[in-house]
Amino acid sequence: MKLYTCSNCNNSLYFENSFCLKCNHAVGFIPEEFLFTTLENTTVGYTSINHKNRFYRYCPNAVLGTCNWLIPVENTNFFCTACQLNRTIPDLINIDNQLKWKRIEIAKHRLVYSLLRLGLPIKSKAAEPEAGGIAFDFMADTSPAKKVMTGHDNGLITLNIEEANEILSVTHRLNLGEKYRTLLGHFRHEIGHYYWDVLIQNGRYLEKFRKIFGSEAADYGKALEQYYKTQTPANWNNNFISPYATAHPWEDWAETWAHYMHMMDTLETAWSFGIGVQLQSTATIINDDPYTIQNFNTIIERWFPIAFAVNSLNRSMGHADFYPFVISAPVIEKLQFIHEVCRVGMVKNS
């Protein structure tokens, strides 16, 4: 994530801010330009204080406090690039659902930001049903016997809104023996399944995928059943980023895809803040945007010291590791493959 500031007073802004906490000017994000802009209200619409010939309106979900993205006034889309992907949202009469949905939207907007930075195709399933596309269902359990399962199906990503309940999320993480479980992590994993369909399934990378991850032809249902019935091999981290990645090549891809997105977004944040790490006699300086780096070796060489430094900072505060994973050589090869697949979009977007 880039570092954004208020154009009026130069105060630093979080990506979720809808107004500057210092000067109280309205602010909003223009996804087409990756620009966070400070706004003035006019009779025509909001205008950027730096570009007063451009007019915008907020996404309608701004009224609910779940979106701060801007839409050009001439654009006929009702919702912004991120919110038009929603198909189902929780019943907002319930105050608890409102809070959960806000947490969900914070994570989803960060997901869509990263997809835009990667230059990946983002189509709304509702707007173009015949062309595939993405849709989100954010749903609650209707009864103990009818639980909503988080997952992906042909571009439809379903998320049980209880994933936004921090207590239950930690409980699930402990019960399932997971090192890491976040809303943003869920989104990055599930969207990975979608982009396997888009980028790999019928494309030129399929054979290389099979060479690196294995054949997707293995029965998926049986593979998951076997995964939950048996103990994960003790040496799983020699070849996989997580125990769940051992279940099936599709899950290996989705788990690795999620970690690729973790790395790219975190390194962009480090670059924006000018963060460098000094380890003994070696200095790691994040001096360029990771989305412009062609050689994946450069990315991974920067990731290791950053992750080590932040893990150490977390331990100093008594927290668990920021990045509690081991990246082996086979996992680096998988990450490098994903970077190669994504580079086409990034070159167009740089």
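Me: Two strands count as paired when DSSP finds at least two bridges between them. How many bridges join β12 to β13 here?

Reply: This is a predicted model. In it, four bridges join strand β12, residues 276-279, to strand β13, residues 282-285, and the two run antiparallel.

Me: What is the bridge partner of valine 277 in β13?

Reply: Valine 277 has threonine 284 as its bridge partner in β13.

Me: And how many residues sit between β12 and β13?

Reply: Two residues lie between them, and the strands form a hairpin. Glutamine 280, in the turn, has a positive phi of about 55 degrees.

Me: Next topic, the open sheet of four strands. What is the strand order?

Reply: The order is β8-β9-β11-β10, with mixed pairing. β8 (86-88) and β10 (151-153) stand at the edges; each has a single partner strand, so one side of each lacks a neighbour in the sheet. From one strand to the next, the twist averages 25 degrees.

Me: Do β8 and β9 run parallel or antiparallel, and what about β10 and β11?

Reply: β8 and strand β9 (residues 135-139) run parallel and are joined by two bridges. There, asparagine 86 has phenylalanine 136 in β9 as its bridge partner. β10 and β11 pair in the antiparallel sense over three bridges, and aspartate 153 stands opposite leucine 156 in β11. β10 and β11 also form a hairpin with two residues between them. In that turn, asparagine 154 has a positive phi of about 55 degrees.

Me: How many bridges join β9 to β11?

Reply: Five bridges join them, and β9 and β11 run parallel. Phenylalanine 138 stands opposite leucine 159 in β11.

Me: Why is β11 described as largely enclosed?

Reply: Five of the five residues of β11 (residues 156-160) are buried, so the rest of the structure largely encloses the strand. Leu156, Thr158 and Asn160 point one way, while Ile157 and Leu159 point the other way.

Me: Switching to cysteines. How many disulfides does the structure hold?

Reply: Zero. The sulfur of cysteine 9 is 3.5 Å from its closest cysteine sulfur, in cysteine 20. A disulfide needs the two sulfur atoms within 2.5 Å, so that distance is too far for a bond.

Me: Is cysteine 20 buried or exposed?

Reply: Cysteine 20 counts as buried because its relative accessibility is 0%.

Me: Last one. Which residues make the nonpolar surface patch?

Reply: Leu3, Phe273 and Ile275 make the patch, which covers about 270 Å². Phenylalanine 273 belongs to helix α6, residues 249-273. Phenylalanine 273 is exposed, with a relative accessible area of 53%.

Notes. Residues numbered from 1 in each chain as written. Predicted model: local features only at pLDDT ≥ 70, side-chain atom pairs only at ≥ 80, totals over all residues. Heavy atoms only, no water. Buried < 20%, exposed > 50% of the residue type's maximum accessible area, 1.4 Å probe, protein only. Patch = residues over 30% accessible without salt bridge, like charges linked within 9 Å, V, L, I, M, F, W, Y side chains within 5 Å. Areas by Shrake-Rupley, 256 points an atom, 1.4 Å probe, with all protein chains shown as cover. Salt bridge = Lys/Arg side-chain N within 4 Å of Asp/Glu carboxyl O. Axes fitted to C-alpha atoms, helices over the stretch in contact; angles between N-to-C directions.
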